[in-house]
Amino acid sequence: MALDLFKEKGTPVERQSFTWKDMVRRPYSKMDDDAFTRTRVILMNGIEADALRMKHIFARRSLELRPHLALVRRAEHHQQTLVNWLTPPDQKVIETTLGFEQLAIEVTASVAIHEPDPYLAQTYRFGMLEDFDHLYRYSALYDRLEGQDPNNITQSYTDIIPGRPTSVEHRHPLDDLRRPYDAKTAAPLSKLHALTITASEFQTHDYYMTVGPTFTDPVARQLYAEIASIEEQHVTQYGSLIDPDESMLEQWMLHEAMEVYNYYSCLAYESNPRIKEVWQRFVDYELGHLHYVMELFKNLERRDPAEVLPRELPEPIAFKEHREFVRKVLSQEVDMRSDGTEYVDKSQLPPDHRTLMYQAQMNSEGSPSETAAAGYKWRPGTELAAKAERMGSVLEGRRLQ
Ligand SMILES: [Fe+2]
Ligand SMILES: [Fe+2]
Ligand SMILES: [Fe+2]
């Protein structure tokens with residue numbers, strides 16, 4: 001089912017219309033839908049938020065592009081609304097948070113596996129181990145606040161154990177920058193990957209910044225502040241993979257191709273037919289955006305989009321568990337650190353390294369992620385289940401006597 005980006009023209013921008021009713025649909029079910037439906041909604045909301053963000057920044061920079069950006073941006077906004085409003089009202093903020101981290105782990109794992117450039121793949125594995133630890137810290141918080149098992153939300157697709165500890169993820173800003181891909185030689189897939197993960201991390205950051213102060217529990221307030229800071233680091237890291245020498249139109253065109261690719265991936269894996277229909281419609285809308293920008297690229301830059309875009313879309317991003325891969329990376333790379341743009345073992349950082357100084361300062365009055373998880377060990381069904389289990393073995397023991 002490979003999709004030809006040049007042949008498939010999708011829905012023209014002028015025919016992309018909405019009504020309030022169409023935009024505000026019946027949400028998915030928190031419990032009955034697959035956990036990956038939740039992660040897809042979280043991802044596509046983030047991708048659309050980034051489509052808006054980029055178009056606003058470019059509009060500030062170009063009078064020529066401004067009307068074109070305004071036209072396409074309105075569609076992106078309404079797409080984002082429709083997608084984000086699929087979130088069910090009974091899904092608590094901490095539960096959405098678990099969805100964000102599960103998404104970060106599984107999608108970054110898929111990207112790391114398919115990334116052709118070894119340095120970029122290393123970067124995805126590096127970041128993945130950090131979001132993996134966030135899932136564990138937020139699971140501890142979920143137990144603390146709600147007394148609930150995180151697997152109600154993650155549906156046991158993803159392990160709930162420590163990764164690279166959040167308390168050591170705090171790096172000096174200069175140790176979060178990475179070497180960008182070279183736009184002239186990089187595989188188109190590498191560009192789509194970098195744009196996808198940057199968008200997704202940006203939304204994670206913005207979500208934590210919005211909801212963090214809504215908690216009463218002081219550990220929750222601190223934990224969101226701490227992890228939001230890492231998400232800012234992740235945006236710095238992944239954003240720096242993008243070649244700054246690409247023109248605005250080139251980046252815009254790639255962004256639209258990335259949006260097509262993401263909806264197309266959602267479509268390939270979606271199990272809920274009502275939501276599948278949304279992904280199909282938005283594949284067509286994004287193809288409409290892409291062709292709109294391809295025309296601009298030809299007319300304004302006098303360049304051929306085929307220089308930049310892949311002919312066919314790559315294999316879809318895999319919305320599935322990557323447990324074996326994640327465990328392997330965890331066992332081999334958890335002690336990796338970064339020094340400038342390069343990766344080193346933690347033993348190679350001198351004690352006065354700027355990142356260690358920065359970390360010592362940030363953690364000098366305590367570490368929320370350590371406090372939140374103190375004494376927490378995930379077990380099925382939380383502590384109540386453990387109690388019931390103990391009761392069970394007592395009864396079992398009696399029966400055997
Ligand atoms: Fe995270
Ligand atoms: Fe992250
Ligand atoms: Fe778009």
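This briefing walks through the metal sites, one helix, the largest pocket and a few loop residues of the structure above. The model is predicted, so local features need pLDDT of at least 70, side-chain atom pairs count only at pLDDT 80 or more, and totals for chains, interfaces and linings use all residues. Residues are numbered from 1 along each chain as its sequence is written, chains are lettered from A and ligands numbered from 1 in the order in which they are written, and side-chain values use heavy atoms, with hydrogens and water left out.

**The paired iron ions (ligands 1 and 2)**

- Let's start with the iron ion (ligand 1), whose protein donors are Glu-101 (OE), Glu-101 (OE), Asp-131 (OD), His-134 (ND1) and Glu-231 (OE), at 2.0 to 2.4 Å.
- A donor here is an N, O or S atom within 2.8 Å of the metal (3.2 Å for Na, K and Ca); water is not among the atoms, so sites may look incomplete.
- Along the chain, the donor residues of the iron ion (ligand 1) are spaced E-x29-D-x2-H-x96-E.
- Glu-101 in helix H4 (residues 93–114) and His-134 in helix H5 sit 33 residues apart, so this pair links distant parts of the chain.
- Helices (H or I, at least four residues) and strands (E, at least two) are DSSP runs, numbered from the N terminus.
- Both Glu-101 and His-134 are buried; buried means under 20% relative accessible area, exposed over 50%, and partly exposed in between (1.4 Å probe, protein chains only).
- The iron ion (ligand 2) has Asp-131 (OD), Asp-131 (OD), Glu-201 (OE), Glu-231 (OE) and His-234 (ND1) as its protein donors, 2.0 to 2.6 Å away.
- For the iron ion (ligand 2), the donor spacing reads D-x69-E-x29-E-x2-H.
- Asp-131 in helix H5 (residues 118–146) and His-234 in helix H8 (residues 218–239) are another pair linking distant parts of the chain, 103 residues apart.
- Asp-131 is buried at a relative accessible area of 1%, and His-234 is buried at 0%.
- What joins the two sites? Asp-131 bridges the iron ion (ligand 1) and the iron ion (ligand 2), which lie 3.4 Å apart.

**The iron ion (ligand 3)**

- The iron ion (ligand 3) is held by Glu-76 (OE), Glu-76 (OE), Glu-256 (OE), Glu-259 (OE), Glu-286 (OE) and His-289 (ND1), at 2.0 to 2.6 Å.
- Its donors follow the spacing E-x179-E-x2-E-x26-E-x2-H along the chain.
- Glu-259 in helix H9 (residues 248–269) and Glu-286 in helix H10 (residues 273–301) are 27 residues apart and link distant parts of the chain.
- Glu-259 counts as buried because its relative accessibility is 0%, and Glu-286 is buried at 0% too.
- The six donor atoms around the iron ion (ligand 3) subtend angles of 54 to 164°, which makes the arrangement irregular.
- For that label, four donors count as tetrahedral if all angles lie between 85 and 135 degrees; four count as square planar and six as octahedral if opposite donors are over 155 degrees apart and all others between 65 and 115; anything else is irregular.

**Helix H11 and its two sides**

- Phe-325, Val-326, Val-329, Leu-330 and Glu-333 are buried in helix H11 (residues 323–333).
- These residues sit on the same side of H11 because they cover an arc of only 135° around the axis, with the arc taken from the directions from the helix axis to the C-beta atoms.
- Flip to the other side of H11 and you'll find Glu-324, Ser-331 and Gln-332 exposed.
- H4, H5 and strand S1 (336–339) are among what covers the buried residues of H11.

**The largest pocket**

- The largest pocket has a volume of about 300 Å³.
- There are 14 lining residues, and Met-54, Phe-58, Leu-195, Ile-242 and Gln-251 lie nearest the centre of the largest pocket.
- On a 1 Å grid over the protein atoms alone, a pocket is an open set of points where a 1.4 Å probe fits, with protein on both sides within 12 Å along at least five of seven lines; lining residues have an atom within 4 Å of a point.
- Grid points are joined across faces, edges and corners, and a volume is the space filled by probe spheres set on the points.
- H2 gives the most to the lining of the largest pocket, with five residues.

**Loop residues**

- Gln-155 is not a glycine, yet has a positive phi of about 55°.
- You'll find Gln-155 in the loop between helix H6 (151–154) and H7, and it is partly exposed at 24% relative accessibility.
- His-322 belongs to the loop between H10 and H11 and is buried at 6% relative accessibility.
- Leaving aside residues up to four places away in sequence, His-322 touches Glu-106, Ala-109, Ser-110 and Ile-113, where contact means heavy atoms within 4.5 Å.
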